[in-house]
Every structure is written in structure tokens, then in C-alpha cells.
Amino acid sequence: MATAYEHREVTTWLRPPRVAVLVFGGDATWRDWSLKVLEAVSDVWGGNGFVLVPYSSDGSIHPAVLEELRRYDPDRIAHFAAESATWLQLSPELITDRADDARPVGETFIPRAASIAADTAHTLCSSMPGIFAEYWDSRFIMLRERGNPLPPELVLVDPISRPAAALVVRPEWDSDLALFGAFVTGRPALDEPSKAATAPAPTQLATWLLTRDNDDAPEELAWFAGMELALGTSAMFPWFDETRDGLSWYLEEADTAPLTIAYGSSASDFALAVLLDRIHGDALWITDAMLSDEQTTSSIAQGVHRRLHRDQHERAAFITATDPDTVEAARQRILEPLRSFVDEDDLDRLISTRTPIVTEESRLLLNGEVGRRSSMPVITDGDQTVTFARELEPDTPNSPERYLTGRGLPGWVVDVAIERVSMPTGRGADPDSLVRLDRQTWATVRASKTGISFDGGHTGYVAPGTLLHHRTARPRLRFLGLLPWVQGRAATRQLTAQPSRPGQHADLVARRLGSRARLRAITASPMGALLREFLDDAVSEGGRTRLRRAERNESYFTFDALSQTGRMSDNGQLRDGLDELLDAGLLRRGLILNCGECGAVSFISVDNIGQRFSCPQCDAENSLNRQRWHASDTEPPFSYDLHPTWRTMLQHNGDLPLLLGNRLGRMRSAYVDISEIEFWDADHVKRHYEIDLIALCDGQLIVGETKSGPLGNGAQRREMIKKRLDAAEMLGANLIVFGTAEPDFSQTDRDAADALRRQRLSPVEVEFVTDLRRLGLPFTGWP
């Protein structure tokens with residue numbers, strides 16, 4: 001667990017920035033606001049990857065939208081800064097509540113509610129600040145209405161290409177399908193000459209949106225920049241696809257995107273559908289109005305069937321909503337016509353679920369920049385923080401001049417991942433903690449869902465004519481260990497985090513054994529069960545000796561006595577286990593002897609025995625002869641003494657977090673944890689709570705609480721559960737696991753935890769694990 005110098009594989013990706021646009025969604029005009037945003041992002045390189053985040057008049061954002069926003073993981077958060085005239089036309093009730101009065105920006109207007117929403121989104125997502133600080137709050141950028149200057153961070157030297165023909169859904173068709181379809185295809189400038197006079201049949205549009213197959217595209221989607229060309233829609237592509245200039249969507253594993261569906265009629269439901277489309281590469285928005293039409297519902301069902309049928313991996317399709325209580329009813333309305341032409345087994349592949357949806361994700365990347373791998377020298381500290389030993393020099397794309405901003409800097413973002421790290425992804429971290437501070441970094445860095453992401457442009461002074469190599473950011477990155485990352489997250493809430501005394505005990509034992517993983521493995525083995533025998537308060541007999549030491553009685557065992565416990569059936573394995581602990585200094589071999597002066601009986605380590613030995617009680621010198629043998633006429637056999645720290649840990653049930661960790665990490669590909677972490681206020685005056693276990697398992701962050709019995713009673717139980725929810729939400733955990741050594745938790749305990757979670761609308765799942773000291777059981781409660 002000391003500092004190590006090694007090489008690890010690093011993977012990098014180049015992509016356009018991901019941007020979340022805050023837009024007012026608190027009244028009946030939210031569709032008009034959404035279209036205003038669509039017009040603006042349709043002119044931006046990579047704009048087909050942007051998402052909407054609607055906020056209400058009080059600045060709140062729906063929790064389901066926030067959950068998917070965290071998965072989307074925006075690089076930047078943009079205020080949609082409409083002109084005052086637009087606000088007067090669409091939402092005049094907010095025009096008197098200005099947030100940007102500290103620095104007026106032309107005729108644009110940002111309400112105070114948007115500022116509140118931006119704080120919420122930034123805290124959740126840890127986005128990058130605006131480089132050029134156009135807006136008075138430099139954490140954010142401003143996206144204005146179409147026709148106004150774009151944020152400098154998003155503007156390339158060359159404007160996006162203008163296709164001669166494309167597939168375009170016209171929102172003027174005035175339907176929910178047309179609104180979502182417009183966000184799939186993009187929206188050319190309003191002064192373009194070609195407009196369709198009639199809308200396609202809703203059944204045709206719904207089928208195309210589900211299959212995204214050009215052969216299904218209605219002829220009404222054909223759009224031409226000038227004169228009409230002799231092209232059918234089967235030979236065209238959406239406006240966004242035609243204008244993305246060197247970008248492509250890439251899936252992590254399969255050839256086709258998984259199907260996701262958002263149901264509901266609110267601005268948040270629509271935003272959820274757009275988020276799912278950008279995260280997973282394919283989605284559909286359905287509303288009550290669509291499902292009220294029998295033909296449209298039938299077309300949706302047939303489209304779902306085609307998607308399920310063509311998926312070679314037989315993956316599930318998911319339907320969700322901001323109101324989880326409505327999802328199953330919507331699923332059944334789709335399944336009703338679906339039953340007429342699919343097998344019953346396939347019906348189970350359409351799953352109703354809460355957000356966030358956990359399935360394969362899609363990425364919008366620069367062409368050819370799909371996960372380039374290289375070997376990087378790194379320094380790994382004892383807390384598992386991994387620091388690059390030199391600056392990272394990511395590759396530049398082909399024809400990089402195409403992707404430079406108007407200021408000559410790279411317009412792309414670099415994603416960096418490294419193997420075998422302990423830092424949770426997609427949950428934020430202090431940017432200063434992610435780089436070496438012994439030299440100026442000149443890079444805008446953030447923690448992202450990939451690992452670490454940074455803006456490709458050098459943030460220092462760049463003279464005109466400087467070579468591209470010297471205009472690119474080359475940070476020396478640090479991937480934090482789990483404990484430093486937790487400490488950084490606590491600091492955002494003005495808290496400090498540190499191992500408690502039991503946590504320090506576990507760390508000491510883990511260091512002696514070489515790793516925490518080895519400590520977990522021993523604790524969850526028959527040897528771990530055997531070590532608990534040292535706590536047994538049975539009387540001295542048969543090779544077991546009970547002695548008084550440091551205000552408590554402690555047991556010592558001969559080898560035969562340990563063997564007779566039955567915890568380990570193979571004496572060879574028992575000897576190997578004892579030898580490992582002896583070599584680690586966690587077990588001592590010695591003799592039980594008495595003192596000729598004071599008569600005290602003590603355990604004397606072999607390190608302290610010669611022909612003479614000192615009494616640990618009175619320090620008298622004794623000869624090693626027959627009179628010193630305790631309760632025996634024959635020469636005494638060796639006895640074994642467990643390290644006091646391990647004894648103390650076991651006495652306070654310190655094995656339970658380790659057993660829970662072993663249960664969670666069993667059969668998983670990547671697992672790391674820390675235990676017994678105290679959270680104090682910044683002045684270290686008040687302790688807020690202690691968390692028994694914080695674990696990262698295959699990307700999921702888990703908060704664990706272990707008990708030797710039930711969770712408690714009444715107010716005590718409620719307060720304990722509340723504080724675990726506080727910790728889980730602060731850390732961005734996916735799951736809280738309550739564990740006990742008892743055979744089961746009471747239904748009252750289970751109901752209390754579920755009720756508090758629902759009351760707080762917490763997205764964190766809660767699971768229960770029982771019989772922790774029963775070895776060999778897997779954890780089956782993964783969300």
C-alpha cells in the first residue's frame with residue numbers, strides 16, 4: 001500500500017461539448033420555448049447532442065430530469081437568454097424577476113428562476129465554467145435566440161455545412177409527434193424556402209421515429225434548401241446528421257441503439273425523452289393524446305415490435321416517466337395491440353422502470369476518435385490516487401483546422417479513462433484536485449462519467465501563429481482514490497470526512513495484510529470465523545486459556561484448540577492461515593507462563609522468551625523452568641494471541657462492514673471500498689454521522705450500514721435512516737444497503753426505510769442484506 005511507480009493503459013476520446021440548456025417550462029408555452037432552443041442549437045456544431053432542462057417559476061427541476069441529466073453529464077450548462085420581447089410574448093409573468101441585473105447583456109433576459117435552476121444543475125453535474133465569461137456568472141454560458149451571436153466556446157472557424165436536402169420534421173404541424181420529431185431531425189433557419197403544406201399521417205411519423213429507417217420516412221419530411229431535387233426520402237438523412245461535420249454516433253457494444261420511451265405530457269416528460277435520445281442514441285416520446293388514438297397506438301406497437309425483432313442481442317426496451325405511477329398503465333396500452341403479432345415472451349422485453357434507465361449508452365464523437373489507447377507512466381499513492389507522471393498529449397483529429405474555434409483554439413473536448421482506478425465517475429470532484437498543482441496546468445478540467453474530461457484548448461496566453469501543438473491543453477491528471485474523493489465531496493457541503501477510530505483499526509490491519517481486499521477475503525473465510533473464537537468468554541480448558549489483560553478478559557488458543565473449534569476442517573489450511581497472520585504481525589505465538597514473584601499468569605511472546613523472561617505485570621526476571629509452566633506437568637505447547645487492534649475491531653462488530661463489502665463485491669469485476677468514515681462540520685465540533693461502508697462496485701456507488709441486530713426503534717431508527725439518505729445524496733450514491741448479522745430484518749425496519757426514501761423523492765435505491773456472518777452468499781439486490 002506504499003507509493004508505486006508503474007504503467008497503466010489510458011484511453012482517450014475526442015468529441016464536441018455536451019451542453020444542457022436551461023429553458024422555462026413552467027407554463028403552457030413550454031413547447032414554444034423548446035422550439036426556440038431547437039432553432040438555436042440547430043446552428044451549433046454538435047448541437048444534435050444538446051439537451052433541454054426545463055425549470056418552473058420557482059427554479060425547481062423535476063428529480064427524474066435531474067437523474068438523467070447526471071447520466072448525460074453535460075460539459076457546460078447554458079442559460080437560454082431570450083430577448084425581452086420574447087419573454088413579453090410567451091411568459092410575461094417572469095419579466096419583472098430579472099437575475100442578470102448585475103451585468104445587463106443587451107436586450108436578453110434571464111429570470112431569477114433560471115439562476116436557481118442553474119445552481120442546482122451545476123451542483124449535480126460539476127460542469128465546466130465558461131472560458132470567455134460572457135455571462136456575469138462565469139460558471140455558465142449564454143445561448144441566445146437564432147440570429148444572435150453564439151457562445152464563443154461553441155463557435156468554430158468554419159460555420160456548419162448547409163445541405164441541399166435533408167429530412168426535417170416541421171413543428172408547425174402542431175402535434176406532440178412533430179415536436180419530438182423536430183428534435184430528432186433538427187430545424188433549419190426559418191427563412192429557408194421549402195415548407196411542406198401538409199403533415200404526414202401520425203401513424204407514419206410514429207413508425208419512422210421508432211425505426212429511424214429511411215425507408216419508413218414519410219415523403220412530407222423532404223426538405224430542400226433551394227429548388228426541389230429528384231430525391232426520395234429514402235435517400236435523405238435528418239438535418240442534424242447532414243450538418244454534424246465530422247461527427248458520428250458510436251455505441252459502446254451493439255450495432256443498434258436500445259429503445260427507450262418516455263411517457264407523459266409535461267415539459268419534464270418531453271425533456272426526459274430528449275435526454276434519453278441523446279444518452280442512448282434512440283428514444284420516443286409518447287403522450288396521452290397519442291395513446292388515445294387507436295391507429296397511432298397500433299403504429300407505436302408495431303414499431304416497438306420491429307425494434308425488438310431486429311435486435312440481435314434480444315435486449316429489453318424501457319418505458320419510463322417523471323411520474324412512475326403512470327408508467328405501467330402506459331405500457332399496458334402499448335402491449336394490448338402488440339399481443340396480436342408477438343409471442344408472449346417478447347412482451348416481457350418491454351419493461352416499465354423508474355429513472356435513471358441503466359442500459360447501453362451512445363456517444364457523439366469526432367470521426368475516427370473512438371477510444372485511442374496508450375500506455376502512461378503513473379504514480380499510485382497509498383490512498384489509491386493515480387497521478388500521471390507526465391503531461392497527457394492526446395491525439396489531434398484528422399484535419400484539425402475544421403474543429404478550431406473562432407479564437408484558433410481546439411473546439412473539442414477530451415475524455416480520459418484509465419484502468420484500475422477508484423474514483424467514482426459522473427459525480428463531480430473539485431477541479432483543482434484532478435491535476436498536479438506543482439505547475440500551471442492551463443486547462444479547464446472536470447470529473448466526468450468517463451473519468452476526467454477537459455477542454456481541448458490551452459487556457460493561457462496563445463500568441464498568433466502558435467503551432468496547434470502549443471494551443472492544445474496537456475494537463476497532468478490525477479484520478480483520486482475513493483477516500484480523497486469522498487473528502488472532496490464532503491467539502492462541497494462544508495464537511496470534513498476521515499476514518500473513525502474503528503476505521504483506523506481496519507486500515508492498520510489491512511496495511512499489515514497488504515491490502516484491504518485481503519482483509520475482506522480473510523474476514524469472509526473460515527479463518528475469519530475462527531478469529532471470532534478469540535472473543536469467546538468460555539472458561540479455560542482444553543488448550544483454551546482465559547487471561548486478564550488491559551481491563552478485559554481475553555482468550556488464547558493452542559493449535560489443537562483452534563483445530564477443535566471445527567471452523568477449519570483441514571489442519572494444513574489452518575497452519576497456512578496462521579503462518580500468514582504471524583508473518584503480518586497480526587498473530588503472536590508464545591507460551592502461557594506464571595511469575596514466581598507476583599504469581600500473575602501471562603502470555604509471553606516467543607520474541608521475549610530465552611532461558612529467562614520478564615513478567616509483563618511486575619517486570620520480575622524468571623527462569624524458564626517447570627515451576628513457571630501454567631497448570632501443566634508437561635512442557636507447555638505454543639499458544640496464539642490475536643493482535644489487540646483486530647480483537648477490538650471484532651468486539652465492536654468491525655467485521656460486519658467487511659463481510660458486507662465481501663458480499664457486494666462477490667462475482668463483480670471491479671470493487672473497492674472504505675469503511676467507518678466520520679463526517680464532521682468544518683470546525684470539527686459536531687459529528688454529523690458515521691458511515692459504515694462506502695463502496696464502488698462496477699461503477700455503482702453504495703452506502704452501507706451494518707448492525708448486529710435491528711435498525712433500532714422509533715425516532716432513533718428514523719434519524720439513522722435519514723442520515724444515510726443524506727450521505728447517499730451528497731455522494732451521489734446509487735444504492736443504500738442495510739446489513740445485519742441476524743437472519744432477517746423486521747418488516748417495520750424495511751417499511752421505515754422505504755417510507756423515508758419515498759417521502760424525500762430520493763432516487764437512491766434501498767436494499768437489505770441479512771445473515772452477514774453466513775459465508776458464501778452473493779448479493780442479489782442490484783438495481
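**Salt bridges and sheet edges in a predicted model**

Colleague: In this predicted model, is Glu-172 buried, partly exposed or exposed?

Modeller: Glu-172 has a relative accessible area of 44%, and the partly exposed class covers values between 20% and 50%. Glu-172 is therefore partly exposed.

Colleague: Which residue forms a salt bridge with Glu-172, and where do the two partners lie?

Modeller: The closest N and O atoms of the pair are 3.0 Å apart. Glu-172 sits in the loop between strand 7 (165–167) and helix 5, while its partner belongs to the loop between helix 5 (176–185) and helix 6 (202–211), 15 residues apart, so that distant parts of the chain are linked. The partner has a relative accessible area of 8% and is buried; the residue that forms this salt bridge with Glu-172 is Arg-187.

Colleague: How many residues apart in sequence are the parts tied together by Arg-307 and Asp-282?

Modeller: The side chains of Arg-307 and Asp-282 meet in a salt bridge at 2.8 Å, N to O. Arg-307 belongs to helix 10 (residues 294–310), whereas Asp-282 lies in the loop between helix 8 (267–280) and strand 11 (283–286), so the pair ties together parts whose separation in sequence is 25 residues.

Colleague: Which strands stand at the edges of the open sheet in the order 18-19-17-1-15-16-20?

Modeller: This sheet is formed by 7 strands with antiparallel pairing. Each edge strand has a single partner strand, so one side of each is left without a neighbour in the sheet; the edges are strand 18 (445–447) and strand 20 (478–479).

Colleague: Which residue in strand 20 is the bridge partner of Thr-387?

Modeller: Strand 16 (residues 386–388) and strand 20 run antiparallel and are joined by 2 bridges. In strand 20, the bridge partner of Thr-387 is Arg-478.

Technical notes. Residues are numbered from 1 along each chain as its sequence is written. This is a predicted model: local features need pLDDT of at least 70, side-chain atom pairs count only at pLDDT 80 or more; totals for chains, interfaces and linings use all residues. Side-chain values use heavy atoms; hydrogens and water are left out. Two strands pair if DSSP finds at least two bridges between them. Helices (H or I, at least four residues) and strands (E, at least two) are DSSP runs, numbered from the N terminus. A salt bridge is a side-chain nitrogen of Lys or Arg within 4 Å of a carboxyl oxygen of Asp or Glu. Buried means under 20% relative accessible area, exposed over 50%, partly exposed in between (1.4 Å probe, protein chains only).
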